[in-house]
Amino acid sequence: MWTLFQIELYKIFRRPRTYIAFAAITALIGVVQLGLKVDGKEYAEFVMADFNSSFAVDGNILNGYFICYVVLQLLLVHVPLLIALIAADMISGEANMGTLRVLMTKPISRWEFILAKFSASAVYTILLLIWVAIQALLLSMLIFGTDDMFIMKSSYAVVIKADDVFWRYAGAFCFAALAMTTVAALGFLLSLFADNSIGPIVATMSVIIVSTILSTMSIPLFNAIKPYLFTSHMITWKEFFDLKVNDMNEAIPGTIQNPQKLWNSAMVLMAHIIVFVGAAGIIFKRKDVLS
Amino acid sequence: MAIVSVQHLSKQFGSFSAVNDLSFTVEAGDVYGFLGQNGAGKSTTIRMLMTLIAPTAGSIKVFDMPLATHRKEILQQIGAVIEKPDVYKYLSAYDNLRLFARLSGLQLSRKQLMDQLEMVGLAERGYDTVRTFSQGMKQRLGIAIALVHNPQLIVLDEPTNGLDPQGIADIRNLILRLSREWKKTVIVSSHLLSEIEQIATRVLIIDKGKKIVEGSAADLFDPAQTLVELTTTDSSFAWNSLQQSQWAGVLKEQRGAQIILQLHRNDIPELHKALVQMQIGVISLQLKHSLEDYFLQVTAGKQHVDAFSN
């Protein structure tokens, strides 16, 4: 199993396609950082327009922490596509190349094969998110500096002390890794049903888009299924940036307003991963390799 | 000792029966020729043997172990090239070989891997990516991968597909070496009778998923039953002349400009002389090896025999 996992990782990182995602993220974040570096003041004034009449805000609002939050909100819509590019190709790509046939004549069990392949795609997902973290957080901290973080919610604003932010990002990235691994598991499952990777990639994105629409529409018919859709839980990482408040309505450093919600969402995502990978294993065990 | 024992094997794809109640045995040291036209069920049978697809019915034993319950142990002793020799095109031949060796549980040294590539004549191109390889080179790499873990049984499904004459000869010689020098058991499938004829010790012919005939190659390719195709300038004249001669008994049929004869291989030079004496304008006289003709021969009046007498 360990050897198989190493081989799968080796194959992933020897393919030029793998680096498209890393290059795309570098370009996307770079563009946002460049734009905010050049025209950041205007953007900050636009964001603060509603608050300037009520608050006097000083300090560096446009700091690395804030930039990272902006980037994450933008990117976490697009990252699933980049994840699907690899995960939805894991089995279908092998079938397309004909190598699935060769692999299955080797003395490896089909369950080991599925688990090794999924583990490798999960590692790819995590590495991609680490790359996002390096680019969006660390690089932004270097370029824009650090200060207290100011976030606008729908009906209120949150200010988080600079020394209380970094661990929240660590938690948010871990949660995002879990959410993106769920996307990888879905793409991986769908990759069993085709002999080329286009179909599973499109199917994965279609499921995510439809589920996201259902998650965001406030229609009673859909409200009952929302808690079970993994897309409803993918944005729960934002909970790391909501703090508990005291009687004076002041944020309490080191707290999260609703940790139970984070836990519940993590469990739902974990359950989805187990179901998707379990189904992939059961289906693949019985599958005739005809490619 | 039976290396492979297949009993009443069947495979259904929906209502289509790809393999139907097929039984055969491969003995140690055999070069077992597996013959059939395209779509006869050869690849489906080989895929079941390699656990790529599950049988609908029947059983397979390899090395005296049931394949269904001893898959890993059995596959450790089998090397296979199924249809095309597909490998990772973005990797070099060396990296592909190293990767598949590790999948077979081997951590080979650089020298050992290069020796393996040398054996199939790819050492000089070992570090080039496979996407730059010709079909023949890919086929040789596929064979190197199949042999890298020194298996006892080698399964080659249509190994000469897409190869030029030199490539076909190379594969043929390699199979003979595997059998004679390294004492391996080889199962080789093909739709070309001429190919199998030169290397097989035993042969199984299947058609529409059913066994037509199984037996030793010496019996199956009986020289007394050789089919010859005669093309002349005037086939009607040639047919009539032969009918009135001592060769009337070997005439099989007339197909347009061609006349098919069945005779002992040793009599062909005499036939040639007789044609000249009868002043028949011969354009060509060639041995027929197509399966279609062979099927006509083996199925005439006797469909689906159980076994060919040894």
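The exercises below concern a predicted model and treat its chain contacts, its cores and its salt bridges.

**Exercise 1. Describe the side of chain B that touches chain A, from its extent to its residue classes.**

Step 1. Begin with the extent: 30 residues of chain B are in contact with 28 residues of chain A, and the two chains bury about 2800 Å² between them, with 57% of it on carbon and sulfur atoms. Of the area that chain B buries against chain A, B:Leu52, B:Tyr90 and B:Leu103 supply 24%, more than any other three residues.

Step 2. Turn next to the polar side of the interface, where 17 residue pairs are in polar contact and 4 salt bridges are counted between chain B and chain A. B:Lys11 forms a salt bridge with A:Asp288, the closest N and O atoms being 2.8 Å apart.

Step 3. Assign the touching residues to elements of chain B: β1 (2–13), α2 (71–75) and α3 (93–103) each supply at least two of them, and α3(B) gives the most, with 6 residues.

Step 4. Sorted by class, the residues on this side of chain B are 15 nonpolar, 4 polar and 11 charged.

**Exercise 2. Identify the residues with the most contacts inside the largest nonpolar core, and examine the surroundings of A:Phe241.**

Step 1. The largest nonpolar core has 176 residues, and A:Tyr169 and A:Phe241 are those with the most contacts inside it.

Step 2. Leaving aside residues up to four places away in sequence, A:Phe241 touches a set of residues that includes A:Tyr69, A:Met149, A:Ile151, A:Tyr169 and A:Ala172.

Step 3. Apart from this core lies another, of 16 residues, among them B:Trp239, B:Leu242, B:Ile259 and B:Leu275.

**Exercise 3. Contrast the setting of the A:Asp89 and A:Arg17 salt bridge with that of B:Lys111 and B:Asp115.**

Step 1. The side chains of A:Asp89 and A:Arg17 meet at 3.4 Å, N to O; A:Asp89 lies in the loop between α3 (64–87) and α4 (92–97) of chain A, and A:Arg17 in the loop between α1 (2–14) and α2 (18–48), so that the pair links distant parts of the chain, 72 residues apart.

Step 2. A:Asp89 has a relative accessible area of 4% and is therefore buried, the cut-off being under 20%, whereas A:Arg17, at 26%, counts as partly exposed.

Step 3. B:Lys111 and B:Asp115 meet at 2.9 Å, N to O, and both lie in helix α4 (residues 110–119) of chain B, 4 residues apart, about one turn of the helix.

Step 4. B:Lys111 is exposed at 57% relative accessible area, while B:Asp115 is partly exposed at 40%.

Definitions and conventions
Residues numbered from 1 in each chain as written. Chains lettered and ligands numbered in written order. Predicted model: local features only at pLDDT ≥ 70, side-chain atom pairs only at ≥ 80, totals over all residues. Heavy atoms only, no water. Contact = heavy atoms within 4.5 Å. Buried area = accessible area lost by both parts, 1.4 Å probe. Polar contact = N/O pair within 3.5 Å; in protein donor to acceptor, adjacent residues only side chain to side chain. Helix = DSSP H or I, 4+ residues; strand = E, 2+ residues; numbered from the N terminus. Nonpolar A, V, L, I, M, F, W, Y, C, P; charged D, E, K, R; others polar. Core = buried A, V, L, I, M, F, W, Y, C linked by side-chain atoms within 4.5 Å. Buried < 20%, exposed > 50% of the residue type's maximum accessible area, 1.4 Å probe, protein only.
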